[in-house]
Amino acid sequence: AALSTNLEPSIEERELELALREADIVARLAAIERRERELQRTVEAVEAQRQRLEEVRGEYEARRDSLTQRARELDAERSRLREEQARLVTRSIELEEVTTARTRRSPTGTPLEAA
């Protein structure tokens with residue numbers, strides 16, 4: 001009977017072993033909980049960045065649309081100005097032709113307006 005008690009761990013040894021295992025489990029659990037909190041903060045940071053990216057993308061698209069519209073307006077204005085310039089050049093040529101024709105018809109060689 002004395003041999004069997006020496007081979008079997010005593011109650012104190014088993015309690016110590018269980019206490020050590022419990023302390024190890026508690027430490028692991030604390031580490032897991034810390035890691036879980038870190039991951040949660042990371043997820044929140046990534047989500048905040050994603051939301052900001054969406055805001056920036058929205059602002060970019062609005063600006064791009066605004067610039068596209070402004071470019072169309074400028075193209076239309078440029079076309080209108082080209083047409084106006086062409087009209088003015090045509091009118092200037094017409095006036096030169098009229099002035100030249102009147103000068104040729106004047107017997108003194110002076111334009112009719114001056115006579």
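Is Glu 55 buried, exposed or partly exposed? Partly exposed, with a relative accessible area of 45%. The cut-offs: buried is under 20% relative accessible area, exposed is over 50%, and partly exposed lies in between, using a 1.4 Å probe and protein chains only.

Some ground rules. This is a predicted model, where local features need pLDDT of at least 70 and side-chain atom pairs count only at pLDDT 80 or more, while totals for chains, interfaces and linings use all residues. Residues are numbered from 1 along each chain as its sequence is written, and side-chain values use heavy atoms, with hydrogens and water left out.

Now the overall picture. The protein has two helices and zero strands. Both kinds of element are DSSP runs, numbered from the N terminus: helices are H or I with at least four residues, strands are E with at least two. There are 115 residues in the protein, and buried ones make up 1% of them. The exposed surface is about 10600 Å². Carbon and sulfur atoms supply 56% of that area. The areas come from the Shrake-Rupley method with a 1.4 Å probe; for residues, only the protein chains shown count as cover.

On to the charges. How many salt bridges does the structure hold? It holds 12. The criterion is a side-chain nitrogen of Lys or Arg within 4 Å of a carboxyl oxygen of Asp or Glu.

Take one pair, Glu 47 and Arg 50. Their side chains meet in a salt bridge, 2.6 Å from N to O. Why is about one helical turn between them? Because they sit three residues apart in helix H2, which covers residues 11-105. Glu 47 is partly exposed at 32% relative accessibility. Arg 50 is partly exposed too, at 39%.

Next, Arg 52. Which residues share a salt-bridge network with Arg 52? Glu 55 and Glu 59. Towards Glu 55, the closest N and O atoms are 3.2 Å apart. Arg 52 and Glu 55 are three residues apart in helix H2, so about one helical turn separates them. Towards Glu 59, the closest N and O atoms of the salt bridge are 3.8 Å apart.

And the exposure of this network? Arg 52 has a relative accessible area of 43%, so it counts as partly exposed. Glu 59 is partly exposed as well, at 36%. Glu 55 we had at the start: 45%.
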